[in-house]
Amino acid sequence: MSVALTAQVKAADIVDTAIEAGSFTTLVAAVQAAGLVDTLKGEGPFTVFAPTDEAFAALPEGTVEDLLKPENKDQLTAILTYHVVPGKVMSSDLSDDMMAATVQGGEIKIDLDNGVMVNDASVVTADVAADNGVIHVIDKVIMPQM
């Protein structure tokens with residue numbers, strides 16, 4: 001029995017973990033449109049600050065639809081990779097006012113004064129483990145300087 005059970009348990013990468021959570025359909029669609037699925041299924045490790053569907057819905061009307069257009073792939077990729085930090089950064093690794101370099105090339109600021117903030121987004125769920133990193137759920141889409 002334990003052998004069969006073990007065979008059914010499969011490690012989930014960041015993309016599969018996000019899909020299974022069910023509250024990241026917009027993020028997953030954006031990752032697919034940007035061609036980042038293979039990257040985020042890769043070895044990593046990655047730390048992803050993942051905006052919920054509600055966070056994407058709060059953007060100005062038409063923003064998500066525009067970003068998903070093929071001609072805006074570079075901009076979409078920049079926004080998505082701004083939410084990714086190389087390495088596996090758990091909440092216990094964070095310190096107040098620290099800066100973290102993103103895959104996009106910019107930096108995000110971590111603020112611990114009023115809960116955990118990433119730039120101006122609040123972390124609503126921390127330390128969601130994946131086999132190639134960790135996801136921290138945020139309530140807002142953070143934007144890099146373009």
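**Exercises on a predicted model**

**Exercise 1. The hairpins around β4**

Identify the glycine that takes a positive phi in the hairpin of β4 and β5, then describe how β4 pairs with the strands on either side.

*Solution.* Step 1. The hairpin of β4 and β5 has 5 residues between the strands, and glycine 115 takes a positive phi near 80 degrees there. This structure is a predicted model.

Step 2. β4 and β5 run antiparallel and are joined by 2 bridges. Aspartate 111 has methionine 117 in β5 as its bridge partner.

Step 3. β4 also pairs with β3, in the antiparallel sense and over 3 bridges. Here methionine 99 stands opposite lysine 109 of β4. The hairpin of β3 and β4 likewise has 5 residues between its strands, and glycine 105 in the turn has a positive phi of about 115 degrees.

Step 4. The two faces of β4 (residues 107-111) can now be assigned. Ile108 and Ile110 form the covered face, while Glu107, Lys109 and Asp111 form the uncovered one. Ile110 is also included in a core of 13 residues, together with Tyr82, Leu94 and Ala100.

**Exercise 2. Backbone exceptions**

Locate the residues other than glycine for which a positive phi is reported, and state whether each is buried, partly exposed or exposed.

*Solution.* Step 1. As background, most residues other than glycine have a negative phi, and most peptide bonds are trans.

Step 2. Aspartate 97 has a positive phi of about 65 degrees and lies in the loop between β2 and β3. Because its relative accessibility is 43%, aspartate 97 counts as partly exposed.

Step 3. Asparagine 119 has a positive phi of about 55 degrees and lies in the loop between β5 and β6. Its relative accessibility is 27%, so asparagine 119 also counts as partly exposed.

Step 4. A cis peptide bond runs from glycine 44 to proline 45, with omega near 5 degrees. Proline 45 lies in the loop between α4 and β1.

**Exercise 3. Helix α7 and threonine 81**

Determine which residues of helix α7 are buried, and explain why threonine 81 is counted as buried or exposed.

*Solution.* Step 1. In α7 (residues 73-81), the buried residues are Leu76, Ala78, Ile79, Leu80 and Thr81. They pack against α3, α6 and β2.

Step 2. Threonine 81 has a relative accessibility of 12%; the cut-off for buried is under 20%, and threonine 81 therefore counts as buried.

Step 3. Beyond its neighbours within four places in sequence, threonine 81 is in contact with Leu36, Thr102, Val103 and Gln104.

**Exercise 4. The largest core and the cavity**

State which residues touch the most other members of the largest nonpolar core, and describe the lining of the largest cavity.

*Solution.* Step 1. The largest nonpolar core has 27 residues, of which Phe24, Leu27, Leu40, Val48 and Leu80 touch the most other members. At least two residues come from each of α2, α3, β1, α5, α6, α7 and β7. The largest share, 4 residues, is that of α3.

Step 2. Leaving aside its neighbours within four places in sequence, leucine 27 is in contact with Ala50, Pro51, Asp53, Phe56 and Leu80.

Step 3. The count of cavities of 30 Å³ or more comes to 1, and the largest cavity has a volume of about 80 Å³.

Step 4. Leu27, Leu40 and Val48 are among the residues lining this cavity, as are Ile14, Val15 and Ile135. α2, α3 and β1 each supply at least two residues of the lining. By class, the lining comprises 10 nonpolar, no polar and no charged residues.

Key:
Residues are numbered from 1 along each chain as its sequence is written. This is a predicted model: local features need pLDDT of at least 70, side-chain atom pairs count only at pLDDT 80 or more; totals for chains, interfaces and linings use all residues. Side-chain values use heavy atoms; hydrogens and water are left out. Buried means under 20% relative accessible area, exposed over 50%, partly exposed in between (1.4 Å probe, protein chains only). Contact means heavy atoms within 4.5 Å. A nonpolar core is a set of buried Ala, Val, Leu, Ile, Met, Phe, Trp, Tyr and Cys residues joined through side-chain atoms within 4.5 Å. On a 1 Å grid over the protein atoms alone, a cavity is a set of points where a 1.4 Å probe fits but cannot get out, and a pocket is an open set with protein on both sides within 12 Å along at least five of seven lines; lining residues have an atom within 4 Å of a point. Grid points are joined across faces, edges and corners, and a volume is the space filled by probe spheres set on the points. Ala, Val, Leu, Ile, Met, Phe, Trp, Tyr, Cys and Pro count as nonpolar, Asp, Glu, Lys and Arg as charged, and the others, Gly among them, as polar. Two strands pair if DSSP finds at least two bridges between them.
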